[in-house]
Amino acid sequence: MTYASMLVAVEEGVESDSRLELACDLAIAFDALLIGLSVGAVNAPLYDPMAGGAMLGELLALYRDLAEADVERARLGFAERTGARALETEWRGGVGYPAEHCTRAARAADLVILGGRNRYAPGRAPEVSDVLMGCGRPVLVSPPVRVRSPVGAPALVAWKDCREARHALAGSIPLLQRASSVTLYSVCTPEENETADGEVAEVVRYLARHEIHAEPVIALAGEESTGRQILDEALARQAGLIVAGAYGHSRLREWALGGVTRDLIADSTICLALAH
């Protein structure tokens with residue numbers, strides 16, 4: 001298995017530059033087409049209602065021009081960096097809602113690469129949660145500060161027997177095949193622990209059929225959150241990648257009460273391979 005095409009969101013700034021460098025490295029590793037995406041948003045301008053909307057049209061036109069200029073700068077930066085690496089590339093640029101554009105553009109990609117905790121989202125960059133819920137593709141989330149590459153380093157699969165985790169695992173096979181080691185990590189309650197051994201053993205055999213040797217680790221849930229347990233385990237193993245299902249609960253519940261996906265995106269310095 002491989003990734004034949006990848007989509008990466010591009011903006012301005014050092015975080016986007018780091019993400020694009022990662023995308024270039026992955027495109028070379030997998031001999032994949034790299035598609036760059038940048039979307040500018042036109043925010044509603046402030047105006048004096050007493051003026052009867054005078055100048056509103058001019059303001060909207062000006063804001064659209066500024067958004068298009070942002071996209072053009074992103075395109076030029078993308079072309080410069082990928083041109084130096086002699087990659088096969090395509091470009092998607094537009095003005096509108098970034099997550100919507102990204103979700104549609106994902107139809108042409110096997111993997112979507114986004115920035116986690118992106119200060120430009122959602123107005124000038126795709127919001128990870130919105131894209132995850134709608135794109136139907138695995139999403140590689142690169143944190144603002146990344147400790148190591150997701151290729152060639154240890155990988156940790158945060159396993160829970162649910163649809164989202166199965167989708168994330170299947171979509172991450174090409175990355176896991178290039179990991180230096182793989183840990184299948186399951187956090188269970190005492191009640192779940194009775195069936196966890198058999199479930200995890202089946203997943204280990206599934207990965208072995210893809211020539212991936214995975215070490216199974218079953219941990220009991222502790223006082224800290226499951227997301228924190230996963231991050232601590234990944235950091236202890238010097239992982240470059242965490243694979244996890246995303247939003248097994250509703251996003252509203254995670255926003256209000258917290259959850260694994262929110263914790264991982266908010267706190268991880270490790271690349272995340274997520275899927276809903």
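Modeller: Before we start, one definition: a residue is buried under 20% relative accessible area, exposed over 50%, and partly exposed in between. Do keep in mind that this is a predicted model.

Colleague: Thanks! Then why is Arg104 called partly exposed?

Modeller: Arg104 has 38% relative accessibility. Partly exposed covers values between 20% and 50%, so Arg104 counts as partly exposed. Its partner Glu100 has a relative accessible area of 44% and is therefore also described as partly exposed.

Colleague: What makes Glu100 and Arg104 a salt bridge?

Modeller: Their closest N and O atoms are 2.9 Å apart. The cut-off is 4 Å between a side-chain nitrogen of Lys or Arg and a carboxyl oxygen of Asp or Glu, so the pair qualifies as a salt bridge. Both residues sit in helix 3 (residues 98–105), 4 residues apart, about one turn of the helix. Elsewhere, Asp17, Glu21, Asp25, Arg81 and Arg85 are joined into one network by salt bridges that share partners.

Colleague: Which salt bridges lie within helix 2?

Modeller: Among them are two pairs, Arg73 with Asp70 and Glu72 with Arg75. Arg73 and Asp70 come to 2.2 Å between their closest N and O atoms, while Glu72 and Arg75 are at 2.7 Å, N to O. Each value is within the 4 Å cut-off, so each pair counts. In both pairs the residues are 3 apart, about one turn of the helix. Over the whole structure, the search finds 17 salt bridges.

Colleague: How do you know whether Glu72 is buried or exposed?

Modeller: Neither word applies, because its 35% relative accessibility makes Glu72 partly exposed. Arg75, at 31%, counts as partly exposed too, and so does Asp70, at 26%.

Colleague: And why is Ser186 called buried?

Modeller: Ser186 has 5% relative accessibility, and the limit is under 20%, so Ser186 is buried. Ser186 belongs to strand 7 (residues 182–188). Setting aside neighbours within four places in sequence, Ser186 contacts Trp159, Val200, Val217, Ile218 and Ala219.

Colleague: How do you know where empty space is left?

Modeller: A probe the size of a water molecule is rolled over the atoms, and that shows where the empty space is. Here there is 1 cavity of 30 Å³ or more, with a volume of about 40 Å³.

Colleague: What makes up the lining of the largest cavity?

Modeller: Its lining consists of Glu15, Arg19, Gly115, Gly116, Asn118, Ser142, Pro143 and Pro144. By class, that gives 2 nonpolar, 4 polar and 2 charged residues. Gly counts as polar, so Gly115 and Gly116 belong to the polar group.

Methods
Residues are numbered from 1 along each chain as its sequence is written. This is a predicted model: local features need pLDDT of at least 70, side-chain atom pairs count only at pLDDT 80 or more; totals for chains, interfaces and linings use all residues. Side-chain values use heavy atoms; hydrogens and water are left out. Buried means under 20% relative accessible area, exposed over 50%, partly exposed in between (1.4 Å probe, protein chains only). Contact means heavy atoms within 4.5 Å. On a 1 Å grid over the protein atoms alone, a cavity is a set of points where a 1.4 Å probe fits but cannot get out, and a pocket is an open set with protein on both sides within 12 Å along at least five of seven lines; lining residues have an atom within 4 Å of a point. Grid points are joined across faces, edges and corners, and a volume is the space filled by probe spheres set on the points.
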